[in-house]
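This report concerns the aromatic side chains of one protein model and their surroundings. The sequence and structure are shown first.

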Amino acid sequence: FQGLTALWPEVEPIDRTNTNAWSDPAFVAAVRATGRKKLVMAGLWTEVCLAQTALSALKDGFEVYFVSDASGGLSPEAHE
């Protein structure tokens with residue numbers, strides 16, 4: 001994460017242990033604090049981390065875009 005923290009040194013990382021970031025109140029609060037409704041996401045696993053978080057954000061009225069090249073899947077089929 002050093003590359004990211006170097007770009008945004010004032011941002012405190014949110015340590016999570018769940019796969020759906022949207023189920024973490026601190027994460028959602030940080031997103032809402034930006035005042036933005038369009039989100040660009042990536043995830044460790046496309047079919048788990050990214051899918052769960054993106055669907056939850058969509059349900060809450062956010063516009064979600066994801067970077068597939070920055071996300072991974074357990075298999076090419078799952079990623080697609």
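## Aromatic contacts

In this predicted model, the charged end of Lys37 is placed over the ring of Phe62, at 4.0 Å from the ring centre. Phe62 itself is buried, its relative accessible area being 5%.

A search of the whole structure yields two aromatic pairs. They are listed below with their geometry.

| Pair | Centre-to-centre distance | Angle between planes | Class |
|---|---|---|---|
| Trp22 and Phe27 | 6.1 Å | 75° | edge-to-face |
| Trp22 and Phe62 | 5.2 Å | 70° | edge-to-face |

The pair of Trp22 and Phe62 links two loops. Trp22 belongs to the loop between helix H1 (2-7) and helix H2 (25-33), and Phe62 to the loop between helix H3 (46-59) and strand E2 (63-66); the pair therefore ties together parts that are 40 residues apart in sequence.

For the pair of Trp22 and Phe27, the planes of the two rings meet at 75°, and because an angle over 60 degrees counts as edge-to-face, the pair falls in that class.

Trp22, Phe27 and Phe62 together make up one aromatic cluster. Within this cluster, Trp22 has a relative accessible area of 8% and is therefore buried, since the limit for that class is under 20%. Phe27, with a relative accessibility of 22%, counts as partly exposed. Phe62, at 5%, is buried, and its ring is the one over which the charged end of Lys37 sits.

Definitions and conventions: Residues numbered from 1 in each chain as written. Predicted model: local features only at pLDDT ≥ 70, side-chain atom pairs only at ≥ 80, totals over all residues. Heavy atoms only, no water. Phe/Tyr/Trp six-rings, centres within 6.5 Å; stacked < 30°, edge-to-face > 60°. Buried < 20%, exposed > 50% of the residue type's maximum accessible area, 1.4 Å probe, protein only. Helix = DSSP H or I, 4+ residues; strand = E, 2+ residues; numbered from the N terminus. Lys NZ or Arg CZ within 6 Å of the ring centre and 35° of its normal.
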